[in-house]
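Visitor: I'm new to this one. Can you put it up and take me through it?
Guide: Sure, here it is.

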Amino acid sequence: MVIKNKKAQMKIQQMMFMLLAVTFLFILVGVFFLAIKLSTLKQSATSLEEKNAMLLVSKLASSPEFSCENAFGAKASCVDFDKVIALKEMKEYSDFWGVAEIEIRKIFPASNEICTSQNYPNCGIVKVFESKKNALPPSTNFISLCRKEVSERIIYDKCELALLMVSSEEKG
Amino acid sequence: MQNKKGDLEISFGWLFAIIAGVIIIVLAIYFSSKLIGTEQETRNAETGKEIGILLNPLETSFESAQTTSITIPVETRINNGCSIIGAFGRQTIQLDQKSFNEWTKTNINVFFSNKYIFSEEQVEGKKFYIFSKPFDFPFKVADLVYMTSANEKYCFIEPPEDIKEELSNLNQANILTEDCVGDEIKVCFNAGSCDINVNYNLGSVEKNGETIYFDEGDDALMYAGIFSEKAVYECQLKRLMLRIKTLSKLYESKEIISEKEGCTDNSLFGDLEILNELSEGFESSEGINALEIIAENLENKNNGRRCPLW
């Protein structure tokens, strides 16, 4: 009787271990599968963000917050320097375009000085908007950065070659 | 196995294995179905985001209008949502797609602050036509996007010549200006017995027994009224007013900067401030005329400046 009981107990223990092992196996497979799914999801979210930045940079110069409109005559890919400096101070736009960073760099004449309201227009880099998010390498587009220059009694348009840079956010 | 006639003796091992097996199979089926559902929701959200991203190239520079089409492999319902949250409000896109002949509903909304889509609240089909047009008030405010399903055809009956020319140039397959068959949605100008009636001189569009108002002479809002439901139109118009408010602040700042640089001119500051206040208090399209007067005034003053702000 005692021997039979012990044998049954052994069988129960054997079964429990087996069941635990099977459960662990399923959990491990599930976790592994979820990790792969999550990483693909993050990848596709990041690639969508990159695509957004790439398509946005080609048309951002035409958006009302950046474009010269008719202030400098009809010019393609023209960004209004005065407007951009004013835009930099407006916190409302921090999440408007759904990207991590927007920056404008003058190419010619080049300058590494970051633009502030104090040193404007004698500067070369405008950080229009930068977030604390993980930014990916930027998508870029060439633009003309224009403003009105007053010299004695003449007001003329001064346009410089610049690079518009849009960085998307890395997800995860 | 059988100790008595009719009695079935099952060992503990067997019983345990059967119960554990059943539990494992039930759990596997449950999680698989959940996973398929999540997968579908993910795909819908991805497609929604992709649609929003594909609207980026529709930003116009010197063009008066642009058109494109999107084809989705499966039958899709695009739910166009709009809300007045935050500084610019939000455009939401939510997709339902057909899977095994049944619509899979998703609760995932994709948000955009810089898009303005005018359409019915729900647009259904596989192919969607999208065209965009800039909205100026008096400066450029945004590019309005009009989305229609290829399943729905619009017939414009006797439109003004410039509209007819613009629509013909668009070459959008579901917009006709002549040779209408009869099963299209009829859009009439200054005649009152069509599905959609446009009073071009008064600046109003009557659709489904409801009337919306647009800025006379601005076709961008007129198209918006034609292609969208009143609720969508009014909400998107409020969002546009929020953008006008912020843009007028931007131009106020620009004026200060250009004055500092020596570009002194007739100040637009006061008028921009009025536009800012009126756009903030904007309630519905009925009040658009009051703003239109300010916008016209601003446009004239800006054109007279040596350093125009826009």
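Visitor: Is Glu184(B) buried or exposed?
Guide: In between. Glu184(B) is partly exposed, because 17 other C-beta atoms lie within 10 Å. With C-beta atoms placed from the backbone, buried takes 20 or more other C-beta atoms within 10 Å of a residue's own, exposed takes 12 or fewer, and partly exposed is in between. This is a predicted model: local features need pLDDT of at least 70, side-chain atom pairs count only at pLDDT 80 or more, and totals for chains, interfaces and linings use all residues. Residues are numbered from 1 along each chain as its sequence is written, and chains are lettered from A and ligands numbered from 1 in the order in which they are written.

Visitor: Where does Glu184(B) lie in chain B?
Guide: In the loop between strand E9 (175-176) and strand E10 (185-189). Strands (E, at least two residues) and helices (H or I, at least four) are DSSP runs, numbered from the N terminus.

Visitor: And what does Glu184(B) touch?
Guide: Leaving out residues up to four places away in sequence, Glu184(B) touches Lys153(B), Tyr154(B), Cys155(B) and Leu176(B). Contact means C-beta atoms, placed from the backbone, within 7 Å.

Visitor: Switching to chain A. How many helices and strands?
Guide: Chain A has two helices and five strands. Their order from the N terminus is α-β-α-β-β-β-β.

Visitor: How many residues of chain A are buried?
Guide: Of its 172 residues, 31% count as buried.

Visitor: What does the C-alpha trace of chain A span?
Guide: About 115 × 30 × 25 Å along its principal axes.

Technical notes
Contact = placed C-beta atoms within 7 Å.
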